[in-house]
Each structure stands twice: as C-alpha cells, then as structure tokens.
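User: Please take a close look at one loop of this model, and then follow the chain outward from there to the parts around it. I would like one connected account that I can read with the structure open.

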Amino acid sequence: MEHARTPGLPFMKMHGLGNDFVVIDLRHGIEAPDAATITAMADRHFGVGFDQMATIAHDDEVDARLVFFNADGSRSAACGNATRCIARFVMDGTGRDRLRLRTDHAVLAAEDAGCGLTRVNMGPPVLEWRDIPLAEAVDLDHLPIEGDPVATGMGNPHMTFFVDDPGGIGNFDAFGARHEVHPLFPERTNVEVAQLIAPDTLHVRIWERGVGKTLASGSCSCAAAVAAARRGLTGRKVQVELAGGTLWIDWREDGVWMTGPTAHVFDGVWRG
C-alpha cells in the first residue's frame, strides 16, 4: 500500500471469514486517525464499514506494532482475525514465513500455515478474575449468571454460553447486547453462544463488544474453545464453525494457536 503522497487517508480493506477490517499502515508517514474518523469510516452506509480498525506501526524490537479499534471507536487489546490478516500482508510483502507482532495484549507469533492459511498464537488464556477483568471473584467456569456461562480473557473479556439449541436463547441481538454490558464485566464483554456438534467441533455465534453481531471472530473462537476444554466438552484442539467459515484452534502449552484463511479485498483512500 504505497499511498503516502495521496491526499486523504489510505487504507486497506481485509477480512477473515467475513469478520472485516480497515487496516491503516502508518509505516509510510501516514497520521493515525482520530476517534471521529474511526467511527465515520465504520459506518456501513455512509463510510467504508468494518468490525474493527487496525493500524500498523514500526516497532524496534518486533516486526510491527498493531493497535485495534472497535467500530464504536473504543480500543481493543486483541483482534485475532485482524492479526492474521496483517500477518499475511506483512509476510507477502517481505517473503518471510514467521513474524512477531506486538499488540496491547502481548507480542504474538504468526506463521504461514500452508495452503493459503495463516496461524497466530494468541497467547495463553487469561484465567484470573482481576485480569479479565471481572468486578468480583467468582467461579470463572460457572458464572453466577442465568445460562451458566464461562468467563475467559484473550486480551479482551469473553462470556461463553453452551447450549443444546442456539435458537433457544431467542433474539440473538438482544441477548448479545444485554450480556455485553453485564455488571460483572466492568469493561463490557464479548459474548459467544456455542453448541457442541461433535467431540472436536463447536458451532459458535458471535457478539463482539463495541461492534455487535459478526460473522466471525478470532479471539471469540479461541475463548469458546478454551471454555469448552475447561468444561470437559472437548479436547484442546477444536474446529470452530462460524457464520463466515471455519477456524482451527489449538490450545498448546505456549498459548492458543488459531489457524484460518484471510482476504485482502481492496485498497482505498478515505476523503471524509
């Protein structure tokens, strides 16, 4: 993306399984967008439209520094699918097959997984109530909330419900919006509704904090897989079926690895 001299704000549109992003490469002297620009670009009718925005910056110690913003302008410490998309972009541009990328959450390892797939290590799950964070100490595997959800941190907070019939929760948008702002989660939370469809396969519906219903989410898929393993429903290698496609999650000793496809859709210039 070589647009540094073009008037306006150059950007790339990318997605992982329909979980879509605007990516801005600050390494060419572009100024980072302010909150008003982020929310204007996020509008799917009057802007570009995205679930999250990500910026890429230089970092003296790793291959790049990534910062993520939700569609409402709030900052997020983690975004797994955007990390994979940017990793693929950087690997394609440099010819490398392994990277280290800094986020607000941690330094993440990324690699070419072959067959057009990209893998990223999202780091170990956060399993301490203060660090997720929660408002008080509770049993993370059985939250005191109707539906018996699980709490997990993946650099951002998650609440995972396990259900036999996803339709049984009623209106999913209302369900997600209500639980996103549950008082047990002082920084709000992502919400996953997961159905076990095979011993190693989950079907997951996603409500992202600060975004709403999305076709996919990397961190949400990781959180659901970790929660399923903690509940004894699956092992630590899980295939996650989402509205937008499939991700493969592998909870290893060194962290939660996520593998899936990416797409670079187009380049553009924002003149809003």
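Analyst: The place to begin is Asp-148, which lies in the loop between strand 8 and strand 9. The model is a predicted one, and what follows should be read with that in mind. The backbone at Asp-148 has a phi near 55 degrees, a positive value in a residue that is not a glycine. Set against this, most residues other than glycine have a negative phi, and most peptide bonds are trans. The side of Asp-148 that faces outward is limited in extent, since the residue is partly exposed, with a relative accessible area of 31%. The loop also holds Pro-133, and the peptide bond that leads into Pro-133 from Ile-132 is cis, with omega near -5 degrees. The loop between strand 8 and strand 9 (150–153) thus contains both Pro-133 and Asp-148.

Going back along the chain from this loop, one comes to strand 8 (residues 117–121), which runs antiparallel to strand 7 and is joined to it by 4 bridges. One of these pairings can be named: Gly-114 has Leu-117 in strand 8 as its bridge partner. Between strand 7 and strand 8 the hairpin has 2 residues, and within this hairpin Cys-115 takes a positive phi near 55 degrees. Strand 7 (residues 107–114) also pairs on the side of strand 6 (residues 98–102), again antiparallel, here through 5 bridges. The connection from strand 6 to strand 7 is a hairpin of 4 residues, and Arg-98 finds its bridge partner in strand 7 at Glu-111.

Residues next to Asp-148 in number bring in the largest pocket, whose lining includes Ile-145, Glu-146 and Gly-147. Further along the chain, Phe-161, Phe-162, Val-163, Ile-169, Phe-175, Arg-178 and His-179 complete that lining. The pocket holds about 180 Å³ of space, and the class count of its lining is 6 nonpolar, 2 polar and 2 charged residues. Strand 10 and helix 3 each contribute at least two residues to the lining, and helix 3 supplies the largest share, with 3 residues.

Helix 3 (residues 172–180) therefore deserves a closer look, because it gives the pocket lining its largest share. Its buried residues are Phe-172, Phe-175, Gly-176, His-179 and Glu-180. Viewed down the helix axis, these buried residues fall within an arc of 125 degrees, so they line one face of the helix. The general geometry agrees with that picture: an α-helix has 3.6 residues a turn, so residues three or four places apart point the same way. The buried residues of helix 3 pack against strand 10 (157–162), strand 11 (190–198), strand 12 (201–208) and strand 13 (212–214). Two of the buried residues, Phe-175 and His-179, are also found in the lining of the largest pocket.

Beyond helix 3, the loop that leads to strand 11 holds Arg-188, another residue that is not a glycine and yet has a positive phi, of about 65 degrees. Arg-188 counts as partly exposed at 25% relative accessibility.

Phe-162, from the pocket lining, leads on to another part of the chain, as it is one of the residues that Ala-228 touches. Ala-228 sits in helix 4 (residues 218–231) and is buried, with a relative accessible area of 0%. Leaving aside residues up to four places away in sequence, Ala-228 also touches Leu-202, Leu-233 and Thr-234. By contrast, Asp-34 stands 194 residues from Ala-228 along the chain, and the C-alpha atoms of the two are separated by 38 Å.

What remains is the enclosed space of the model. A search of the whole structure finds 1 cavity of 30 Å³ or more, and the space in the largest cavity comes to about 60 Å³. Its lining includes Gln-52, Asn-70, Ser-76, Asn-156 and Arg-209, and by class the lining has 2 nonpolar, 6 polar and 2 charged residues. Strand 3 (residues 52–57) is mostly covered, with 5 of its 6 residues buried. This strand runs parallel to strand 2 (residues 19–25), to which 5 bridges join it, and one such pairing places Ile-56 of strand 3 as the bridge partner of Asp-25.

Definitions and conventions. Residues numbered from 1 in each chain as written. Predicted model: local features only at pLDDT ≥ 70, side-chain atom pairs only at ≥ 80, totals over all residues. Heavy atoms only, no water. 1 Å grid on protein atoms, 1.4 Å probe; cavity = no way out; pocket = protein on both sides within 12 Å on 5 of 7 lines; lining within 4 Å. Points joined across faces, edges and corners; volume = space filled by probe spheres on them. Nonpolar A, V, L, I, M, F, W, Y, C, P; charged D, E, K, R; others polar. Pairing = 2+ DSSP bridges. Buried < 20%, exposed > 50% of the residue type's maximum accessible area, 1.4 Å probe, protein only. Arc of directions from axis to C-beta. Contact = heavy atoms within 4.5 Å.
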